[in-house]
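Grab a coffee and open the structure viewer. Here are three short exercises, each with a worked solution.

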Amino acid sequence: MAETQGKIITCKAAVVWGPKEPLVIQEICVDPPQKMEVRLKILYSSICHTDLGCWNGTNEAERAFPRILGHEAVGIVESVGEGVKDVKEGDYVIPTFNGECGECKVCKREESNLCERYHVDPMKRVMVSDGATRFSTTTDKDGRSSQSQPIYHFLNTSTFTEYTVLDSACVVKIDPNAPLKQMSLLSCGVSTGVGAAWNIAKVKEGTSTAVFGLGSVGLAVAEGARARGASRIIGVDANASKFEKGKLMGVTDFINPKDLTKPVHQMIREITGGGVDYSFECTGNVDVLREAFLSSHAGWGSTVLVGIYPTPRTLPLHPMELFDGRTITGSVFGGFKPKSQLPNFAQQCMKGVVKLEPFITNELPFEKINDAFQLLRDGKSLRCILQISKLLKR
Ligand code: NAD
Ligand code: ZN
Ligand code: ZN
(Lines give C-alpha, C1' and ligand atoms only; values in the text may rest on other atoms or scores of the structure.)
(Ligands and ions follow the chains in the order given, each with its own letter.)
Protein backbone atom coordinates (compact mmCIF):
# COMPACT_ATOMS: atom_id res chain seq x y z
CA MET A 1 0.00 0.00 0.00
CA ALA A 2 1.33 3.46 -0.89
CA GLU A 3 2.51 5.27 2.23
CA THR A 4 0.72 8.36 0.94
CA GLN A 5 -2.66 6.58 0.83
CA GLY A 6 -5.39 8.54 2.61
CA LYS A 7 -3.03 11.50 3.13
CA ILE A 8 -2.74 14.90 1.49
CA ILE A 9 0.16 14.98 -0.99
CA THR A 10 2.20 18.16 -1.48
CA CYS A 11 3.65 18.31 -5.00
CA LYS A 12 4.46 20.52 -7.98
CA ALA A 13 1.83 21.71 -10.45
CA ALA A 14 1.59 24.25 -13.27
CA VAL A 15 -1.19 26.63 -12.27
CA VAL A 16 -2.93 29.14 -14.55
CA TRP A 17 -3.97 32.28 -12.66
CA GLY A 18 -5.59 34.23 -15.50
CA PRO A 19 -6.18 34.22 -19.27
CA LYS A 20 -2.94 34.26 -21.27
CA GLU A 21 -0.83 34.53 -18.09
CA PRO A 22 2.29 32.34 -17.99
CA LEU A 23 1.69 29.11 -16.09
CA VAL A 24 3.25 29.15 -12.62
CA ILE A 25 5.02 26.02 -11.38
CA GLN A 26 4.26 25.98 -7.66
CA GLU A 27 3.63 23.71 -4.73
CA ILE A 28 0.05 22.57 -4.26
CA CYS A 29 -1.86 20.16 -2.00
CA VAL A 30 -3.72 17.23 -3.51
CA ASP A 31 -6.43 15.62 -1.37
CA PRO A 32 -6.91 11.85 -1.22
CA PRO A 33 -9.42 10.36 -3.68
CA GLN A 34 -13.00 10.14 -2.42
CA LYS A 35 -15.58 7.45 -3.23
CA MET A 36 -15.20 6.19 -6.83
CA GLU A 37 -12.19 8.47 -7.43
CA VAL A 38 -8.58 7.68 -8.30
CA ARG A 39 -5.39 9.60 -7.48
CA LEU A 40 -2.71 9.38 -10.17
CA LYS A 41 0.95 10.19 -10.38
CA ILE A 42 1.30 11.76 -13.82
CA LEU A 43 4.41 10.61 -15.69
CA TYR A 44 4.07 12.36 -19.05
CA SER A 45 1.64 14.93 -20.37
CA SER A 46 1.38 16.65 -23.72
CA ILE A 47 -0.52 19.79 -24.69
CA CYS A 48 -3.57 19.85 -26.95
CA HIS A 49 -5.12 22.87 -28.63
CA THR A 50 -8.07 22.60 -26.22
CA ASP A 51 -5.69 23.46 -23.33
CA LEU A 52 -4.56 26.46 -25.34
CA GLY A 53 -8.20 27.43 -25.96
CA CYS A 54 -8.97 27.44 -22.22
CA TRP A 55 -5.73 29.28 -21.41
CA ASN A 56 -6.66 31.96 -24.00
CA GLY A 57 -9.94 32.43 -22.12
CA THR A 58 -11.82 33.55 -25.25
CA ASN A 59 -15.02 31.95 -24.01
CA GLU A 60 -15.73 33.98 -20.87
CA ALA A 61 -18.30 31.53 -19.51
CA GLU A 62 -15.64 28.83 -19.34
CA ARG A 63 -13.14 30.90 -17.35
CA ALA A 64 -12.21 29.70 -13.87
CA PHE A 65 -8.93 30.52 -12.12
CA PRO A 66 -6.68 29.41 -10.54
CA ARG A 67 -6.89 26.21 -12.55
CA ILE A 68 -4.78 23.20 -13.53
CA LEU A 69 -5.12 22.46 -17.25
CA GLY A 70 -3.93 19.41 -19.20
CA HIS A 71 -5.87 16.37 -20.36
CA GLU A 72 -3.47 14.32 -22.51
CA ALA A 73 -1.30 12.15 -20.29
CA VAL A 74 -0.20 8.82 -18.93
CA GLY A 75 0.21 8.00 -15.27
CA ILE A 76 0.32 5.42 -12.54
CA VAL A 77 -2.35 4.85 -9.90
CA GLU A 78 -1.13 6.06 -6.48
CA SER A 79 -4.31 5.13 -4.58
CA VAL A 80 -8.02 4.59 -5.14
CA GLY A 81 -11.10 5.71 -3.23
CA GLU A 82 -13.86 3.53 -1.83
CA GLY A 83 -15.68 1.37 -4.36
CA VAL A 84 -13.11 1.52 -7.17
CA LYS A 85 -12.71 -1.99 -8.55
CA ASP A 86 -11.29 -1.83 -12.07
CA VAL A 87 -7.94 -0.16 -11.28
CA LYS A 88 -5.59 -0.49 -8.34
CA GLU A 89 -2.38 1.03 -6.97
CA GLY A 90 0.49 0.60 -9.43
CA ASP A 91 -1.63 0.22 -12.58
CA TYR A 92 -0.57 2.18 -15.65
CA VAL A 93 -3.45 4.28 -16.92
CA ILE A 94 -4.45 7.05 -19.25
CA PRO A 95 -6.87 9.75 -18.13
CA THR A 96 -9.76 10.50 -20.50
CA PHE A 97 -11.60 13.82 -20.58
CA ASN A 98 -14.78 12.05 -21.69
CA GLY A 99 -15.62 9.35 -19.15
CA GLU A 100 -17.66 6.16 -19.17
CA CYS A 101 -19.61 5.13 -16.07
CA GLY A 102 -20.86 1.95 -17.75
CA GLU A 103 -24.22 2.22 -16.02
CA CYS A 104 -26.19 5.14 -17.44
CA LYS A 105 -28.65 4.99 -20.34
CA VAL A 106 -26.04 6.31 -22.82
CA CYS A 107 -23.24 4.00 -21.67
CA LYS A 108 -25.57 1.03 -22.21
CA ARG A 109 -26.27 1.97 -25.83
CA GLU A 110 -23.91 1.75 -28.78
CA GLU A 111 -24.85 5.00 -30.50
CA SER A 112 -23.07 7.53 -28.28
CA ASN A 113 -20.00 7.93 -26.09
CA LEU A 114 -21.40 10.89 -24.14
CA CYS A 115 -21.89 9.29 -20.71
CA GLU A 116 -24.65 11.09 -18.80
CA ARG A 117 -22.50 11.70 -15.71
CA TYR A 118 -18.94 12.04 -16.96
CA HIS A 119 -19.17 13.33 -20.55
CA VAL A 120 -16.79 16.15 -21.42
CA ASP A 121 -17.95 19.50 -20.03
CA PRO A 122 -15.76 22.61 -20.41
CA MET A 123 -17.83 24.36 -17.71
CA LYS A 124 -17.11 21.72 -15.09
CA ARG A 125 -14.45 22.71 -12.56
CA VAL A 126 -15.15 20.62 -9.43
CA MET A 127 -15.61 16.93 -8.64
CA VAL A 128 -19.01 15.34 -9.26
CA SER A 129 -19.34 13.60 -5.89
CA ASP A 130 -19.24 16.64 -3.57
CA GLY A 131 -18.85 19.75 -5.73
CA ALA A 132 -15.41 20.46 -4.19
CA THR A 133 -11.90 20.57 -5.66
CA ARG A 134 -9.12 18.16 -4.66
CA PHE A 135 -6.42 20.77 -5.32
CA SER A 136 -5.49 23.73 -3.13
CA THR A 137 -2.71 26.28 -2.97
CA THR A 138 0.10 26.41 -0.43
CA THR A 139 1.34 29.80 -1.67
CA ASP A 140 0.01 32.56 -3.90
CA LYS A 141 1.28 32.91 -7.47
CA ASP A 142 4.27 34.96 -6.35
CA GLY A 143 5.38 32.20 -4.00
CA ARG A 144 4.33 34.04 -0.83
CA SER A 145 2.56 31.94 1.77
CA SER A 146 -1.13 32.69 1.90
CA GLN A 147 -4.38 31.23 3.07
CA SER A 148 -5.06 28.04 1.17
CA GLN A 149 -7.34 28.55 -1.83
CA PRO A 150 -9.05 25.92 -4.02
CA ILE A 151 -7.63 25.32 -7.50
CA TYR A 152 -10.12 24.29 -10.17
CA HIS A 153 -10.09 21.10 -12.21
CA PHE A 154 -10.24 21.01 -16.01
CA LEU A 155 -11.91 18.58 -18.45
CA ASN A 156 -12.32 15.79 -15.88
CA THR A 157 -8.53 15.38 -15.83
CA SER A 158 -6.03 18.22 -14.94
CA THR A 159 -2.72 16.60 -15.87
CA PHE A 160 -0.18 19.45 -15.53
CA THR A 161 0.59 18.33 -11.98
CA GLU A 162 2.63 15.57 -10.37
CA TYR A 163 -0.54 14.21 -8.73
CA THR A 164 -4.16 14.57 -9.78
CA VAL A 165 -7.55 13.16 -8.77
CA LEU A 166 -10.09 11.90 -11.30
CA ASP A 167 -13.41 10.10 -11.25
CA SER A 168 -12.65 6.43 -11.87
CA ALA A 169 -14.97 6.67 -14.92
CA CYS A 170 -12.25 8.81 -16.55
CA VAL A 171 -9.32 6.41 -16.04
CA VAL A 172 -8.42 3.65 -18.52
CA LYS A 173 -5.99 0.88 -17.68
CA ILE A 174 -3.31 0.14 -20.27
CA ASP A 175 -0.81 -2.63 -20.90
CA PRO A 176 2.09 -2.09 -18.43
CA ASN A 177 4.55 -2.84 -21.24
CA ALA A 178 3.13 -0.19 -23.57
CA PRO A 179 5.42 2.68 -24.69
CA LEU A 180 4.30 5.25 -22.15
CA LYS A 181 5.05 8.52 -23.94
CA GLN A 182 3.15 7.33 -26.99
CA MET A 183 0.23 6.11 -24.89
CA SER A 184 -0.32 9.64 -23.61
CA LEU A 185 -1.35 10.59 -27.16
CA LEU A 186 -4.33 8.23 -26.87
CA SER A 187 -5.64 10.33 -24.02
CA CYS A 188 -6.91 12.87 -26.55
CA GLY A 189 -5.39 13.91 -29.90
CA VAL A 190 -4.75 10.62 -31.68
CA SER A 191 -7.91 8.87 -30.43
CA THR A 192 -9.98 11.93 -31.34
CA GLY A 193 -8.65 12.05 -34.90
CA VAL A 194 -8.41 8.34 -35.70
CA GLY A 195 -11.80 7.74 -34.07
CA ALA A 196 -13.42 10.49 -36.15
CA ALA A 197 -12.27 8.61 -39.29
CA TRP A 198 -13.07 5.10 -38.03
CA ASN A 199 -16.12 5.46 -35.77
CA ILE A 200 -17.88 8.58 -37.04
CA ALA A 201 -17.20 8.87 -40.81
CA LYS A 202 -16.44 5.14 -41.08
CA VAL A 203 -13.95 5.77 -43.90
CA LYS A 204 -13.96 2.99 -46.50
CA GLU A 205 -11.16 1.66 -48.70
CA GLY A 206 -10.54 3.51 -51.97
CA THR A 207 -12.36 6.68 -50.90
CA SER A 208 -11.30 10.34 -50.81
CA THR A 209 -10.93 12.55 -47.75
CA ALA A 210 -10.14 16.19 -47.06
CA VAL A 211 -8.70 17.19 -43.69
CA PHE A 212 -8.79 20.87 -42.69
CA GLY A 213 -6.12 21.67 -40.07
CA LEU A 214 -3.01 19.49 -39.86
CA GLY A 215 -2.26 19.64 -36.15
CA SER A 216 -2.11 16.36 -34.24
CA VAL A 217 -5.87 15.93 -34.39
CA GLY A 218 -6.13 16.50 -38.16
CA LEU A 219 -3.06 14.39 -38.88
CA ALA A 220 -4.55 11.61 -36.74
CA VAL A 221 -7.66 11.78 -38.95
CA ALA A 222 -5.35 11.38 -41.96
CA GLU A 223 -3.51 8.50 -40.30
CA GLY A 224 -6.86 6.83 -39.51
CA ALA A 225 -8.05 7.28 -43.11
CA ARG A 226 -4.73 5.92 -44.40
CA ALA A 227 -5.02 2.86 -42.16
CA ARG A 228 -8.52 2.22 -43.56
CA GLY A 229 -7.21 2.35 -47.14
CA ALA A 230 -8.41 5.77 -48.31
CA SER A 231 -6.83 6.38 -51.71
CA ARG A 232 -6.72 10.15 -51.60
CA ILE A 233 -6.19 12.33 -48.53
CA ILE A 234 -6.13 16.07 -49.14
CA GLY A 235 -4.57 18.10 -46.32
CA VAL A 236 -5.50 21.78 -45.96
CA ASP A 237 -3.49 24.05 -43.69
CA ALA A 238 -2.42 27.70 -43.67
CA ASN A 239 0.95 26.65 -42.21
CA ALA A 240 3.06 25.12 -45.00
CA SER A 241 5.47 23.52 -42.50
CA LYS A 242 2.77 20.93 -41.66
CA PHE A 243 2.87 19.45 -45.14
CA GLU A 244 6.12 17.45 -44.80
CA LYS A 245 4.86 15.66 -41.69
CA GLY A 246 1.53 14.99 -43.38
CA LYS A 247 3.18 12.73 -45.96
CA LEU A 248 4.06 10.28 -43.16
CA MET A 249 0.37 10.09 -42.22
CA GLY A 250 -0.80 9.34 -45.76
CA VAL A 251 -1.60 12.86 -46.95
CA THR A 252 -1.44 12.71 -50.76
CA ASP A 253 -2.24 16.34 -51.73
CA PHE A 254 -1.66 19.63 -49.96
CA ILE A 255 -3.59 22.85 -50.22
CA ASN A 256 -2.51 26.08 -48.56
CA PRO A 257 -5.54 28.41 -48.70
CA LYS A 258 -3.12 31.38 -48.77
CA ASP A 259 -1.80 30.23 -52.18
CA LEU A 260 -5.26 30.15 -53.80
CA THR A 261 -7.22 32.87 -55.55
CA LYS A 262 -10.45 30.83 -55.25
CA PRO A 263 -12.21 29.20 -52.30
CA VAL A 264 -10.67 25.92 -51.10
CA HIS A 265 -13.89 23.97 -51.71
CA GLN A 266 -13.84 25.00 -55.37
CA MET A 267 -10.29 23.73 -55.75
CA ILE A 268 -11.15 20.45 -54.01
CA ARG A 269 -14.22 19.94 -56.20
CA GLU A 270 -12.10 20.55 -59.30
CA ILE A 271 -9.32 18.10 -58.44
CA THR A 272 -11.69 15.35 -57.25
CA GLY A 273 -14.40 15.59 -59.88
CA GLY A 274 -17.13 17.02 -57.63
CA GLY A 275 -15.86 16.73 -54.07
CA VAL A 276 -14.50 14.27 -51.51
CA ASP A 277 -16.40 11.44 -49.82
CA TYR A 278 -15.49 12.71 -46.35
CA SER A 279 -14.26 16.01 -44.98
CA PHE A 280 -13.08 16.79 -41.45
CA GLU A 281 -12.85 20.21 -39.78
CA CYS A 282 -9.97 20.23 -37.28
CA THR A 283 -9.15 23.96 -36.88
CA GLY A 284 -12.06 25.21 -34.74
CA ASN A 285 -12.84 27.96 -37.27
CA VAL A 286 -16.45 28.38 -38.42
CA ASP A 287 -15.48 29.73 -41.86
CA VAL A 288 -13.22 26.73 -42.42
CA LEU A 289 -16.15 24.53 -41.42
CA ARG A 290 -18.17 25.95 -44.28
CA GLU A 291 -15.33 25.23 -46.72
CA ALA A 292 -15.10 21.66 -45.39
CA PHE A 293 -18.85 21.16 -45.82
CA LEU A 294 -18.84 22.46 -49.39
CA SER A 295 -15.80 20.31 -50.27
CA SER A 296 -17.72 17.10 -49.84
CA HIS A 297 -19.56 15.48 -52.73
CA ALA A 298 -23.28 16.24 -53.16
CA GLY A 299 -25.49 13.22 -52.58
CA TRP A 300 -23.29 11.32 -50.13
CA GLY A 301 -20.46 13.50 -48.84
CA SER A 302 -20.17 13.67 -45.06
CA THR A 303 -18.45 16.30 -42.94
CA VAL A 304 -17.25 15.56 -39.43
CA LEU A 305 -16.67 18.46 -37.07
CA VAL A 306 -13.81 17.90 -34.67
CA GLY A 307 -12.54 21.42 -33.88
CA ILE A 308 -13.71 23.29 -30.79
CA TYR A 309 -15.32 26.64 -31.67
CA PRO A 310 -14.84 29.40 -29.08
CA THR A 311 -17.03 31.79 -31.09
CA PRO A 312 -20.75 32.27 -30.35
CA ARG A 313 -21.46 32.11 -34.11
CA THR A 314 -23.79 29.31 -35.21
CA LEU A 315 -23.48 26.74 -38.01
CA PRO A 316 -22.58 28.55 -41.25
CA LEU A 317 -25.18 26.78 -43.42
CA HIS A 318 -28.51 27.61 -44.96
CA PRO A 319 -30.98 24.79 -44.21
CA MET A 320 -31.71 24.40 -47.95
CA GLU A 321 -28.05 23.45 -48.49
CA LEU A 322 -28.77 20.16 -46.75
CA PHE A 323 -31.11 19.21 -49.63
CA ASP A 324 -27.97 18.58 -51.69
CA GLY A 325 -27.59 15.39 -49.68
CA ARG A 326 -24.43 16.28 -47.77
CA THR A 327 -24.45 15.42 -44.08
CA ILE A 328 -22.67 17.06 -41.17
CA THR A 329 -22.03 15.67 -37.73
CA GLY A 330 -19.89 16.40 -34.65
CA SER A 331 -17.58 14.07 -32.80
CA VAL A 332 -16.21 14.02 -29.26
CA PHE A 333 -13.18 11.87 -28.48
CA GLY A 334 -13.57 10.25 -31.90
CA GLY A 335 -16.72 8.48 -30.76
CA PHE A 336 -14.67 6.09 -28.61
CA LYS A 337 -16.21 4.77 -25.40
CA PRO A 338 -13.01 5.09 -23.38
CA LYS A 339 -13.16 2.19 -20.93
CA SER A 340 -14.66 -0.37 -23.27
CA GLN A 341 -12.91 0.54 -26.53
CA LEU A 342 -9.59 2.27 -25.81
CA PRO A 343 -7.63 -0.76 -24.56
CA ASN A 344 -8.25 -2.48 -27.90
CA PHE A 345 -7.31 0.67 -29.82
CA ALA A 346 -4.09 0.89 -27.77
CA GLN A 347 -3.27 -2.69 -28.75
CA GLN A 348 -3.79 -1.86 -32.42
CA CYS A 349 -1.44 1.11 -32.08
CA MET A 350 1.17 -1.13 -30.45
CA LYS A 351 0.87 -3.49 -33.43
CA GLY A 352 1.55 -0.55 -35.76
CA VAL A 353 -1.92 -0.29 -37.37
CA VAL A 354 -1.71 3.39 -36.41
CA LYS A 355 1.74 4.99 -36.06
CA LEU A 356 2.11 7.12 -32.94
CA GLU A 357 5.77 8.04 -33.03
CA PRO A 358 5.58 10.81 -35.70
CA PHE A 359 3.15 12.81 -33.53
CA ILE A 360 5.84 13.45 -30.91
CA THR A 361 7.86 16.36 -32.26
CA ASN A 362 9.34 17.75 -29.03
CA GLU A 363 10.16 16.69 -25.48
CA LEU A 364 10.75 19.06 -22.56
CA PRO A 365 11.00 18.92 -18.76
CA PHE A 366 7.91 20.01 -16.78
CA GLU A 367 9.59 23.31 -15.83
CA LYS A 368 9.58 24.34 -19.51
CA ILE A 369 5.80 24.07 -19.88
CA ASN A 370 5.48 27.70 -21.00
CA ASP A 371 7.93 26.99 -23.85
CA ALA A 372 5.81 23.98 -24.83
CA PHE A 373 2.69 26.20 -24.95
CA GLN A 374 4.60 28.65 -27.12
CA LEU A 375 5.66 25.90 -29.57
CA LEU A 376 2.01 24.90 -30.07
CA ARG A 377 0.88 28.52 -30.41
CA ASP A 378 3.53 29.14 -33.04
CA GLY A 379 2.53 26.01 -34.99
CA LYS A 380 6.02 24.58 -34.39
CA SER A 381 5.02 21.35 -32.65
CA LEU A 382 2.49 18.59 -33.04
CA ARG A 383 2.81 17.14 -29.58
CA CYS A 384 5.46 18.17 -27.07
CA ILE A 385 5.82 15.55 -24.34
CA LEU A 386 6.50 16.99 -20.89
CA GLN A 387 8.07 14.77 -18.29
CA ILE A 388 5.92 15.56 -15.25
CA SER A 389 7.46 13.13 -12.78
CA LYS A 390 10.07 10.42 -12.86
CA LEU A 391 9.25 6.75 -13.04
CA LEU A 392 11.44 5.05 -10.45
CA LYS A 393 11.02 1.42 -11.49
CA ARG A 394 8.89 -0.52 -13.94
P1 NAD B 1 -3.23 22.46 -33.48
O2 NAD B 1 -3.15 23.86 -33.05
O3 NAD B 1 -2.05 21.58 -33.29
O4 NAD B 1 -3.60 22.37 -35.03
C5 NAD B 1 -4.51 23.21 -35.69
C6 NAD B 1 -4.05 23.35 -37.14
O7 NAD B 1 -5.03 24.11 -37.86
C8 NAD B 1 -2.72 24.10 -37.28
O9 NAD B 1 -1.82 23.34 -38.08
C10 NAD B 1 -3.10 25.43 -37.93
O11 NAD B 1 -2.08 25.91 -38.81
C12 NAD B 1 -4.36 25.02 -38.70
N13 NAD B 1 -5.26 26.15 -38.94
C14 NAD B 1 -5.75 27.02 -38.02
N15 NAD B 1 -6.57 27.91 -38.63
C16 NAD B 1 -6.60 27.59 -39.96
C17 NAD B 1 -7.27 28.12 -41.09
N18 NAD B 1 -8.07 29.19 -40.97
N19 NAD B 1 -7.07 27.55 -42.29
C20 NAD B 1 -6.24 26.46 -42.41
N21 NAD B 1 -5.59 25.91 -41.37
C22 NAD B 1 -5.75 26.46 -40.16
O23 NAD B 1 -4.53 21.83 -32.77
P24 NAD B 1 -4.91 20.31 -32.41
O25 NAD B 1 -4.39 20.00 -31.06
O26 NAD B 1 -4.62 19.44 -33.56
O27 NAD B 1 -6.51 20.48 -32.25
C28 NAD B 1 -7.31 20.80 -33.38
C29 NAD B 1 -8.72 21.17 -32.97
O30 NAD B 1 -9.40 20.02 -32.44
C31 NAD B 1 -8.80 22.25 -31.88
O32 NAD B 1 -9.91 23.09 -32.16
C33 NAD B 1 -9.06 21.42 -30.63
O34 NAD B 1 -9.65 22.20 -29.61
C35 NAD B 1 -9.99 20.38 -31.18
N36 NAD B 1 -10.15 19.14 -30.41
C37 NAD B 1 -11.37 18.55 -30.40
C38 NAD B 1 -11.57 17.36 -29.74
C39 NAD B 1 -12.90 16.67 -29.77
O40 NAD B 1 -13.11 15.70 -29.03
N41 NAD B 1 -13.83 17.10 -30.60
C42 NAD B 1 -10.51 16.76 -29.06
C43 NAD B 1 -9.25 17.37 -29.13
C44 NAD B 1 -9.07 18.57 -29.80
ZN1 ZN C 1 -7.43 17.47 -26.44
ZN1 ZN D 1 -22.42 6.61 -18.29
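One thing before you start: this is a predicted model.

**Exercise 1.** Work out which protein atoms are donors of the zinc ion (ligand 2), and how the donor residues are spaced in sequence.

*Solution.* Start at the metal: the protein donors are SG of Cys 48, NE2 of His 71 and SG of Cys 188, at 2.0 to 2.3 Å from the zinc ion. Next, put them in sequence order, and you get the spacing C-x22-H-x116-C. Now place the first pair: Cys 48 sits in the loop between β3 (37–46) and α1 (49–56), while His 71 sits in the loop between α1 and β4 (72–80), so this pair ties together parts 23 residues apart in sequence. Finally, check accessibility against the cut-off for buried, under 20%. Cys 48 has 3% and counts as buried; His 71, at 1%, is buried too.

**Exercise 2.** Decide whether Asn 156 is buried or exposed, and find what its side chain reaches.

*Solution.* Locate Asn 156 first: look in the loop between β7 (150–151) and β8 (163–167). Its relative accessibility is 10%, so Asn 156 is buried. Then follow the side chain, which reaches the backbone oxygen of Phe 97 at 2.9 Å. Leaving aside neighbours within four places in sequence, the contacts of Asn 156 include Phe 97, Tyr 118, His 119 and Leu 166.

**Exercise 3.** Describe the surroundings of Thr 10.

*Solution.* Thr 10 belongs to strand β1 (residues 9–15). With a relative accessible area of 46%, Thr 10 is partly exposed. Skip residues up to four places away in sequence, and Thr 10 touches Glu 27, Ile 28 and Cys 29. Last, measure across to Ser 136: the C-alpha atoms are 9.6 Å apart, though the two residues are 126 apart in sequence.

Key. Residues are numbered from 1 along each chain as its sequence is written. Chains are lettered from A and ligands numbered from 1 in the order in which they are written. This is a predicted model: local features need pLDDT of at least 70, side-chain atom pairs count only at pLDDT 80 or more; totals for chains, interfaces and linings use all residues. Side-chain values use heavy atoms; hydrogens and water are left out. Donors are N, O and S atoms within 2.8 Å of the metal (3.2 Å for Na, K and Ca); water is not among the atoms, so sites may look incomplete. Helices (H or I, at least four residues) and strands (E, at least two) are DSSP runs, numbered from the N terminus. Buried means under 20% relative accessible area, exposed over 50%, partly exposed in between (1.4 Å probe, protein chains only). Contact means heavy atoms within 4.5 Å. A polar contact is a pair of N or O atoms within 3.5 Å; within protein, one must be able to donate a hydrogen and the other to accept it, and residues adjacent in sequence count only if both atoms are side-chain atoms.
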